[in-house]
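Me: I'm new to this structure and would like a close look at one part of it. Could you walk me through a sheet, strand by strand, and then show me what else is packed together in the model?

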Amino acid sequence: MLTVFHTADWHLGQSFFGFDRDYEHTCFLEWLLAELQAQKPDAMIVAGDVFDSINPSAVSQKRYYSFLARAHAALPNLQIVITAGNHDAGARLEAPAELLNSLNVTVVGTVSRNENGDIDLQKFLVPLTNSDGTVEAIVLAIPFLRPSDVPLIPGAADPYLDGIRELYRLVTEAAVEMKAKLCPDAILIAMGHCHLTGGEESLDSERRLVIGGAEALTPETFSGEVAYVALGHLHKAQRFHDGRIRYSGSPIPLSFAEMRYTHQIMRLTFERQKLTAVDAVPIPRSAAMITVPAEGFATITEVLAMLERWTPPLPCPRPQSVSNDAALPDNVEAAGEPGASDQREPQLPNASLPLDQHPFLEVRVLEDQPDPTRRKRIEQALEGKPIRLASIKVENPARRHAFNDATAELPTADLKTINPEEIFLGAHLEKYGTAADESLIRAFHEILREEAHAS
Ligand SMILES: [Mn+2]
């Protein structure tokens with residue numbers, strides 16, 4: 001029997017509308033370490049997007065390397081296989097590969113070629129052993145593939161997609177060969193960081209791989225010889241082909257569009273050369289994400305009233321290793337203080353929720369007229385409340401309609417004859433669906449005069 005954890009899309013170091021996610025990532029990694037210790041899987045695979053950017057912060061790198069070191073110290077037989085995603089710098093992720101080998105961690109970030117230009121297929125093959133030391137599986141550790149990574153196929157209709165399919169075919173062939181030689185009973189587990197046709201996406205944070213949807217691969221890319229395909233890239237956990245191919249999903253929501261996803265890791269059990277069980281292990285949420293209103297949009301008056309009424313959630317217990325006491329207000333006892341939690345009222349004083357546990361808020365306002373005071377009024381309504389205002393989303397139902405009308409009526413003027421007021425009036429109509437009033441037009445002319453003086 002072989003048990004494997006499948007996770008992906010950690011996006012360590014993400015900056016969320018200027019707020020960092022270090023607390024949430026630390027909680028996740030603590031939880032993951034505890035899960036590993038409790039369940040003692042033979043291996044864990046991380047299918048890309050370890051970091052959010054190609055130049056990850058020192059703090060996020062520290063989280064990552066500390067986690068790997070602690071996981072190895074706690075479970076010396078645990079094998080970890082990590083591939084690079086489209087957010088990662090593959091070469092950078094791979095740079096400490098030899099060092100990480102000593103921690104039983106294999107990292108594949110890039111495609112390597114020999115002096116003839118042939119792709120090194122062996123680099124992608126990682127044998128997994130069970131607790132007896134028998135090779136039970138071979139992982140096809142394939143990172144996110146860029147167009148220059150894939151084999152050139154003469155006359156291909158789509159060189160990139162066909163190249164990806166060809167690379168998977170070649171690696172599968174090499175794995176089958178290795179299996180015949182080394183361990184005829186082993187199963188094949190493929191990894192990938194890609195977009196499968198029909199996959200449900202969240203465009204806010206995944207970053208489209210190629211514009212136009214042509215980047216999507218079909219599930220047939222993965223040969224039937226592969227028992228399980230562990231994917232990353234789409235942040236919603238989802239399955240294809242009766243669950244043989246899965247996205248584990250990201251451990252935390254990376255955008256407001258993902259706040260209702262179930263965040264989980266997959267625990268896979270393989271027995272007698274077959275995938276016999278897949279369990280989704282839910283990951284506890286360490287900071288809430290909310291929108292006001294909960295559904296759709298509301299007028300600024302309604303929104304302000306809702307924000308006034310809003311009350312904070314109870315704080316979550318802090319993991320031991322989060323040493324961010326600076327974020328704790330002075331009147332709060334440190335976590336773990338005996339009796340501290342018992343004395344807490346359900347209605348908390350505002351300051352008692354540590355800053356990094358404040359929910360992220362997106363305010364969704366229905367716009368009927370220009371409102372330069374909007375942000376200020378929202379901020380005032382939130383004053384003293386333990387919440388992080390991340391985003392104000394403005395919806396104007398009249399806008400699209402007005403825009404269509406306006407563009408239909410716009411004369412085709414050349415740049416020399418068009419005047420600033422006309423552009424301003426057109427833009428106002430397009431944005432708000434109404435004509436600008438006298439005071440606004442006066443204010444606009446005032447700006448024009450100032451501008452003329454300045455230049
Ligand atoms: Mn991702």
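What follows is a walk through one sheet, with a look at another sheet and at some helix pairs afterwards.

Reply: Happy to. One thing to keep in mind from the start is that this is a predicted model.

Let's begin with the sheet that contains β10. It is an open sheet of six strands, and its order is β7-β8-β9-β10-β12-β11, with mixed pairing. At the edges you'll find β7 (125-129) and β11 (238-240), each of which pairs on one side only. Ignoring direction, neighbouring strands here are turned by 20° against each other on average.

Start at the β7 edge. There, β7 pairs with strand β8 (residues 135-140) in the antiparallel sense, over five bridges. If you want a spot to click on, try Val126, which stands opposite Val139 in β8.

Further along comes β10, our strand for the close-up. It covers residues 226-232 and is mostly covered, with six of its seven residues buried. On one side, strand β9 (residues 187-193) pairs with β10 in the parallel sense, and six bridges hold that pairing. One pair to look for is Leu188 with its bridge partner in β10, Val226. β10 also pairs with strand β12 (residues 245-247): these two run parallel and are joined by three bridges. Here Ala230 has Arg246 in β12 as its bridge partner.

Now look for the helix that goes with this sheet. Helix α5 (residues 159-182) lies across β7, β8, β9 and β10, and it runs at about 165° to β8. So β10 is one of the strands that α5 lies across, and angles over 145 degrees count as roughly antiparallel, which means α5 is roughly antiparallel to β8.

That's the close-up; now for the other sheet. Six strands form an open sheet in the order β6-β5-β4-β1-β13-β14, and its pairing is mixed. Its edge strands are β6 (105-108) and β14 (274-282), each pairing on one side only. From one strand to the next, the twist averages 20°. At the β6 edge, four bridges join β6 to strand β5 (residues 79-83), and the two run parallel. Within that pairing, Ile82 stands opposite Val107 in β6.

Next, the helix pairs. Two packed helices are described by the angle between their axes and the distance between the axes.

Take helix α1 (residues 22-39) and helix α2 (residues 58-74): they pack at an angle of about 10°, with their axes 10 Å apart. Because of that angle, α1 is roughly parallel to α2. On the α1 side, the contact includes Leu29, Leu33 and Leu36, while residues including Val59, Phe67 and Ala71 take part from α2. By class, the residues of this contact divide into seven nonpolar, three polar and three charged.

The other pair is helix α7 (residues 300-309) with helix α8 (residues 374-382). Their axes come within 8 Å and cross at roughly 20°, and so α7 is roughly parallel to α8. This crossing is right-handed. Ile300, Leu304, Leu307 and Glu308 of α7 make the contact with Arg374, Arg377, Ile378, Ala381 and Leu382 of α8. Sorted by class, the contact of α7 with α8 has six nonpolar and three charged residues, with no polar ones.

If you'd like one place to return to, pick β10: β9 pairs with it in the parallel sense, and β12 runs parallel to it too.

Technical notes
Residues numbered from 1 in each chain as written. Predicted model: local features only at pLDDT ≥ 70, side-chain atom pairs only at ≥ 80, totals over all residues. Buried ≥ 20, exposed ≤ 12 C-beta atoms within 10 Å, placed from the backbone. Pairing = 2+ DSSP bridges. Axes fitted to C-alpha atoms, helices over the stretch in contact; angles between N-to-C directions. Parallel < 35°, antiparallel > 145°, perpendicular 65-115°, else oblique. Contact = placed C-beta atoms within 7 Å. Nonpolar A, V, L, I, M, F, W, Y, C, P; charged D, E, K, R; others polar. Left-handed = near helix turned anticlockwise from the far one by under 90°.
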